[in-house]
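Hi there,

Here is the model I promised to pass on to you. Please open it alongside this email, and my notes follow below.

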Amino acid sequence: MGTVITNKPPRPEPKALASALEQLAARFGNRLITSQAVREQHGHTTTWIVNQPPDGVVMAQETADIQDVVRICAKTGVPVIPFGTGTSLEGQVNAPAGGISIDLRDMNKVLAVHAEDLDCVIQPGVTRKALNKHLRDQGLFFPIDPGADASLGGMASTRASGTNAVRYGTMRDSVLALKVVRGDGEIITTGTRAKKSSAGYDLTHLFVGAEGTLGIISELTIRLRGIPDTIAAGAVSFASVHGACQAVILAIQTGIPVARIELLNAAQVKACNAYSKLTLPETPLLLMEFHGSEIEVAEQSKAFGEIAKDCGGGDFSWTTKPEDRTKLWQARHDAYWSVKALRPGDSIGVVATDVCVPISRLADCVSETEEDLKRLNLLSPIVGHVGDGNFHCSLVCDTNDADEMARGEEFMHRLVERAQAMDGTCTGEHGIGQGKQKYLKAELGPEALDAMRALKKALDPQNIFNPGKIVPEA
């Protein structure tokens, strides 16, 4: 059982599709794959949204490959869907109108590192972990960490964020310039390596977060950071989620430069203990990390410990040992798998959803969400990048149980409505894709949607770039 998406653009004419596949086969040979298994791997499989596979997959190796796919598809009116690692969560890589998926995993070269300028130029298939491994010997790192080892092109396309966002920002803050293949196969260059510019429209940030609906990213120039002298990770348990959230609010308001600050509610801590072999108290927990000199880190840790105590927190423990930090954060990154292990079974599904609210409303939003889960008798552990008001629910449901699924749908709808009523957003970092289109009108208004449609039509008049995503039908 899967969620059916009603915004389904029309498929191309069979003759047009056949012509496109014939031309692509002539150009790419065995790098065009049409087997059912590979096509389904390039459809959406990470939530309840039904898998909608493309008609073919092209394994791109260079920018010219992307250009040729786009030119052939533009000529025949066939959709084009970019694919990085497939870790997006709202149906972004589905192909509701069929078409061609361009797999960018082989475009994985680091083209240049400018250590003195703290930036680098990369191809879109470079993954977060591979980039940081490449940079480590130069004392540099790329801080955006969504958990999954996503491709940087995909992270830019979905405006990804993650555990470090409270200090280092999101992909919006990290991308200096892009090269993008537009609808006729030509290249748009959106900026330079300069750290700021007032030259014309901000095209870079138009494409960051566009989810492949306006063009296909073929190259990125991104900001880097120096690896801190000292990194300390810590944990503190609280009697209530409200107390933990209040500690976060006070830490941010008093200017403690926390690098990471993550909330796990009691249900999530229990799941992590079981899955990652930890012995944390099974009450609401804050995980945090401090970056800086040894003295700075010690001062930050002490200051936060005092705030946590005032908010009902227990003893604040922290460590600078890399192996201890890694174990703690790996447990956080394995949150999805720990939740899945709570209720095994072929019909059991886990769907991750997120919202983001102003930090002053965070405690209320999380507390009311937990109350909703109790009322609806649902299991959905909560984790959150709470330093910027963003939290996630991992809802577990039996997909064969219509009543439980209906309660799950009600919960997710109420979660979004609650966040929007608190001047928040339906998604802090997962994006819109297919899954959250229905919430955009209430959040931004019909005029904003009209503006988005106008941009889409101007840059993609044939609607071949990832159709059926972000903007709902008028």
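What follows is a short tour, from the whole chain down to single residues.

**The whole chain**

Please keep in mind that this is a predicted model. The protein has 17 helices and 18 strands. Its radius of gyration is 22 Å, close to the 23 Å that the globule rule gives for 474 residues, so the protein is as compact as a globular protein of that length. The C-alpha trace spans about 70 × 60 × 40 Å along its principal axes. Of the 474 residues, 57% count as buried. The accessible surface comes to about 20000 Å², and carbon and sulfur atoms account for 51% of that. If we take the contacts between residues at least 6 apart in sequence, 73% of them join residues at least 24 apart.

On the annotation side, an unreviewed UniProt entry lists residues 50-227 as "domain: FAD-binding PCMH-type". In the model, that stretch is 23% helix and 24% strand, and its end C-alpha atoms are 41 Å apart.

**The four-stranded sheet**

Four strands make up an open sheet with mixed pairing, in the order S1-S2-S4-S3. Its edges are strand S1 (32-33) and strand S3 (80-83), each of which pairs on one side only.

Going across the sheet, S1 and S2 are antiparallel and share two bridges, with Leu32 opposite Val58 in S2. S2 and S4 run parallel and are joined by four bridges. S3 and strand S4 (residues 100-103) are also parallel, and four bridges join them. On that side Val80 stands opposite Ile100 in S4, and Ile81 stands opposite Ser101.

Are the two faces of S2 covered or not? Both are covered: Gly56 and Val58 on one side, and Val57 and Met59 on the other, are all buried. In S3, Val80 and Pro82 point one way while Ile81 and Phe83 point the other way, and all of these are buried. Helix H3 (residues 63-76) lies across strand S2 (56-59), S3 and S4, and runs at about 175 degrees to S4.

**A closer look at Asp103**

One residue I would like to show you is Asp103, which sits in strand S4. Asp103 has a relative accessible area of 0%, so it counts as buried. Its bridge partner in S2 is Met59. What else does Asp103 contact, leaving aside its neighbours within four places in sequence? Along with Met59, the list has His42, Val57, Val58, Ala60, Phe83 and Gly84. Val57 is 46 residues away from Asp103 in sequence, yet their C-alpha atoms are 6.7 Å apart in space.

**The seven-stranded sheet**

Further along the chain, seven strands form an open antiparallel sheet in the order S15-S12-S14-S13-S17-S18-S16. Strand S15 (317-319) and strand S16 (348-356) are the edge strands, each pairing on one side only. Neighbouring strands here are turned by 20 degrees against each other on average, direction ignored.

At the S15 edge, strand S12 (residues 230-237) pairs with S15 in the antiparallel sense over three bridges. Within that pair, Ala235 stands opposite Ser317 in S15.

Two helices to look at here are H13 and H14. H13 lies across S16, S17 and strand S18 (390-398), running at about 140 degrees to S16. Helix H14 (residues 362-376) packs on the sheet and touches S13, S17 and S18, with a direction that makes about 5 degrees with that of S18.

**Helix H10**

Last on my list is helix H10 (residues 266-276). Its buried residues are Gln268, Val269, Ala271, Cys272, Asn273 and Ser276. What covers them? The cover includes strand S13 (258-264), strand S14 (285-292) and strand S17 (382-385), along with helix H12 (322-333) and helix H13 (335-342). Just after H10, Lys277 takes a positive phi of about 60 degrees.

That is the tour. I hope you enjoy looking around the model, and do write back with any thoughts.

Best wishes

Definitions and conventions:
Residues numbered from 1 in each chain as written. Predicted model: local features only at pLDDT ≥ 70, side-chain atom pairs only at ≥ 80, totals over all residues. Heavy atoms only, no water. Pairing = 2+ DSSP bridges. Contact = heavy atoms within 4.5 Å. Axes fitted to C-alpha atoms, helices over the stretch in contact; angles between N-to-C directions. Rg over C-alpha atoms; globule rule 2.2 N^0.38 Å. Buried < 20%, exposed > 50% of the residue type's maximum accessible area, 1.4 Å probe, protein only. Areas by Shrake-Rupley, 256 points an atom, 1.4 Å probe, with all protein chains shown as cover. UniProt positions renumbered as here; feature names shortened; annotations may be inferred.
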